[in-house]
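Dear colleague,

I am handing over a structure for you to look through alongside this message. Please open it first, and then read the notes that follow.

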Amino acid sequence: MSETDPRKFDWPIPEPGSPEEDALQESLQYASEGIQEDLRALPGGQAADFVELLARCFDDSPAPTESVSALERLFLHNEEAVAEFVGAALAAPAAFRRLFVMLGHSRHLGGFLVRGGWRDFMAADEAELHRPVTRAEAADAARALIASGVEPAAALRLNHHRLAARVLYREAMLRQPLEEIAREISELADAALEVALQQSYAQLEQKRKLVRAADFQLCVLAMGKHGAQELNYYSDIDLIFVYSGAGPGRMDAQAYAVKLVETLIPLLDAVTEHGNVFRVDTRLRPEGSQGRLARELEATVEYYYSFGRTWERQALIKARACAGDVALGEKLLERLQPWIYRKYLTIEEINQIKALKRRIEQRTEQRDEHYLDVKTGFGGIRDIEFVTQFLQLMNGGRIPAVRERATLPALKLLAEAGALKPAEVETLGQAYRFLRGVEHRLQVWDGAQTHTLPTAPHELRRLGRAMGYRGPAAMDPARKLVHELRLHTMKARGLMLRLFADLFEKQGSTEPELVLDPDMTAELAAPTLQRYGFADTAAAFGAIRDLARETPGQQMYAARARKYLASMMPALLEFCGDSPDPDFTLRNFERITGALGAKAILFELVAEDPRALQVFGSIAAHSDWLSDILVRRPGLVDEFIDELQTFASLDPGALRRQLAERMQYAEDVTDALFWERDVELLRIALFDLTGRTPLPETLRELCALSEVMLDAVLDVSIADAAEKETEPLQADPREHLAVIGMGKLGSGAMNYASDLDLVFAYEPTAFADPAGAQAFYARVVRRVLQLLGASNERGRLYEVDLRLRPRGGAGTLAVTLDELQRYLQSEAGFWERLAGCRARVLNPDAPAGARAQRIFDEFVYGQGADAAQTRAMRERLERESARNALKRGPGGTLDIEFLLAHLQLKHAADVPALKQPDLWEVLAVAREHGLIDPRSFDAISGAYAFLRQVVNRLQVLDGVSRHELPEGDGLEVFAKRMGYRAGGELNAADQLMEELDWHRRNARRMFDKYVQ
């Protein structure tokens, strides 16, 4: 959505030296002459003293000439009060000053003040003026006036004007916050309604003998800003009336309730010599202007549940029982909560709300007030309310905490719920306060429900002064006002558009028909599906029809599921068409949704947040393995989505605590282990597949995840083994066990399907009998293998490989540290030194772990390098492998891993930083110390990253440890998964192979260069 920049709008800012400014400077002279003429009859020097007082107050008023004009009206039409007024002013200059300033803020309230309201206002002490206006005070004061003989309508108006002047003083001169001012105005409305309702009951009884039945109740429900207690000075008050019980005598309750409301409304709304209290608008009631003025409780509930529309949900967010039988209104609102805040907001409802917002904006644009209307214009109050209410409706069904009437508190609650960022709340909150402040000063000026900035330059300057802006001509009040307005409205509008401009409303013509048209066939669907690249259109159409069928037991939601699916079908097909294999993606997406208890859950989730399609679509497009996890464990969906709310790297400590808590309450520890692993795997893979984490970080997170799982399994295994011990242990067996990770685990860079290469070594000192220690740690390792490697319908948690332990498969499951040291010193071959470069003690803080680290360091780095043996070992592995193998084949990852191991063995004595298993760090250290030149570093790091990425994409597909590329059509699809697209004379597979061959040549060239 493109819009004109408000900075390019021709704002009516007065220029320095303009006629309006000159006229303002002449006002004091004219005022002095005019007022002295009006006061000529006063004795002594009172006229001159008063003019001098006026001069001191002149610039304090936002509209000095209007303040003077108001005084002139007082002197002209109330001659008998002139001497009293001047005497009071000279006796209390501070009281006169605040009156003079108030006259410059509001012509409307100024009329009330100069007609006699000045007496109470000037007589009030500061403590009274500082005290917030309350409902109880306002209602009691109105009743007192009525009791004194003042006619009720007049009493309500006079009381309202008197207290509204105090509220304005607190806002304009005491600078009380918007929330407090709006609440006070709302309390004035509540009090007026309460008193007016009491008077209506009394009038019907006195004039028509209609005596209220004992069980009759009527509640006034405030809507909009009044309901939220954020009312403007001269807004309409939007009201709904609900009743229950019997009518008086033979009159039915319906007729009595309507008559009561018809009596009440004019008491507030009718314009008399004293004006009105508030204009009353009842069009928000059920059925609008055609509906009954008052509706019975049950009928009201039935109306909303049967016929209520989306905009009525939005309106009821702010509804509040404000007068009459409040408990009745609260009962109604409590019953309507499930209807107002549905668990999910439908696409149709989203578009209805957006359409309503757009219609409001169009009316503003038609009046050429797009930038002048602070309510419905560009970045105005409605934009902020739209964001707030939209997010409340979207989230309120699942997060009751966001069900708040008032805008500013609701924004804070939405941030706490994660729907908005704190910075977004700050932006919207500041804009809302500013715009409401402008709106207040616009409305209080003439007592009109206006939201439009004036177009006369001098009026814009007056508004700026009313907002408190003063200063040199370079920052004229009008200029300052426009500057602030631009700033806030641009921020508010930009934020609204970022949040909602692309809200899931993809339009299509034939796509929804694939779901909705009962006569649609595979043949008719084929042209549409072919546009999105489906190879087997009949199977794709079948998958779509399967998607549209709700799961057994959820048939009552079948229509909802179809509607959501139809709405999202254009986006879903577009996503599939952009994926490497549309048929594969759609099939997996259908499998995932089919496993859910109700398909509508996911479809509604996508409707609520289109990013959900990216989440589940990415998994469906790239991995049968991850799709299988979601199919087997549909309960993971909610937790998986929660994990994605904030992007953060894996925190091993937090994951350990979370897993420990889950295991504590799990009936089967393997369930807890699989659940935690699966959630994290899904998160890691999604961030990898969508490019949110770089490759080294992905490999490290996969490794960290496996370590957390292994750590938990060791705790369980040691506890189980300890329970079977008959003799007391002399020390903690965990502290005397060293766990050594080898291979990818040791290097901290696992692939998705990497084995856990492990060696277990122990000190027997925790046991009185060394044979007992051997049996104990053997039981521990067997239990570890059982928990990690036992196969079931979920597959294995991890494949475990113990073949790198001393003597391989012929050795014991766990060896003493002495045995480990003897073996490495006397029996181990050179290949084990190469493998040892990747050895990492996983518990280095334990005494046994620290000793194991020393043993490996001495073994690996104590004898120097041997290029000939390194090359011989590499050549043997290459001969035993297929030439296209990405690991062992020519130019495979082993070329780089052996190269770096050779550099470690060769230079570790001089560069101790090389004594570490992390290949990425070893490579960086080698460059830093000049062991490889910069161009070689680029070639090695580029080749290794590319090869590892290819392997990762292969393994995430089905969770199998593979290192060979597919062939034929499968290679083309895989190349697309790697991000290649056909172009020029090369298809995706050709491009992949061209780049792969280049990196493999570099890997082999670097191996030959440095291993010699």
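A good place to begin is helix α44, which covers residues 988–1010 and contains D990. Please bear in mind as you read that this is a predicted model.

Is D990 buried, exposed or partly exposed? Its relative accessible area is 36%, and since buried means under 20% and exposed means over 50%, D990 counts as partly exposed. D990 also belongs to a patch of negative charge on the surface, where it gathers with E994, E995 and D997.

From the surface we can turn to the strands, beginning with β1, which is made of residues 217–222. Five of the six residues of β1 are buried, and the strand is therefore largely enclosed by the rest of the structure. Which strands does β1 pair with? One of them is β2, residues 237–244, which pairs with β1 in the antiparallel sense over six bridges; if you would like a single pair of residues to look for, L218 has Y243 in β2 as its bridge partner. Another is β5, residues 320–324, where the pairing with β1 is again antiparallel and runs over four bridges, and here you can look for L221, whose bridge partner in β5 is A321.

The other strand that I would ask you to follow with care is β7, residues 756–762, which is mostly covered, with seven of its seven residues buried. It helps to consider the two faces of β7 in turn: on one side L756, L758, F760 and Y762 are buried, and on the other side D757, V759 and A761 are buried too, so that both faces are covered.

In which sense, parallel or antiparallel, does β7 pair with β6? Strand β6, residues 737–742, pairs with β7 in the antiparallel sense over six bridges, and within this pairing A738 stands opposite A761 of β7. With β8, residues 800–801, strand β7 runs parallel, and two bridges join them; here D757 has D801 in β8 as its bridge partner. Strand β9, residues 814–816, also pairs with β7 in the parallel sense, over three bridges, and the bridge partner of F760 in β9 is A814.

When you go back to the model, you might find D757 and F760 on β7 and check that they lie on opposite faces of the strand, then trace D757 to D801 in β8 and F760 to A814 in β9.

With best wishes

Notes
Residues are numbered from 1 along each chain as its sequence is written. This is a predicted model: local features need pLDDT of at least 70, side-chain atom pairs count only at pLDDT 80 or more; totals for chains, interfaces and linings use all residues. Side-chain values use heavy atoms; hydrogens and water are left out. Patches are made of residues with over 30% relative accessible area and no salt bridge: like charges are joined within 9 Å, nonpolar side chains (Val, Leu, Ile, Met, Phe, Trp, Tyr) within 5 Å. Accessible areas come from the Shrake-Rupley method with a 1.4 Å probe; for residues, only the protein chains shown count as cover. A salt bridge is a side-chain nitrogen of Lys or Arg within 4 Å of a carboxyl oxygen of Asp or Glu. Lys and Arg count as positive and Asp and Glu as negative; His and the chain ends are not counted. The place of a charge is taken as NZ of Lys, CZ of Arg, CG of Asp or CD of Glu. Buried means under 20% relative accessible area, exposed over 50%, partly exposed in between (1.4 Å probe, protein chains only). Two strands pair if DSSP finds at least two bridges between them.
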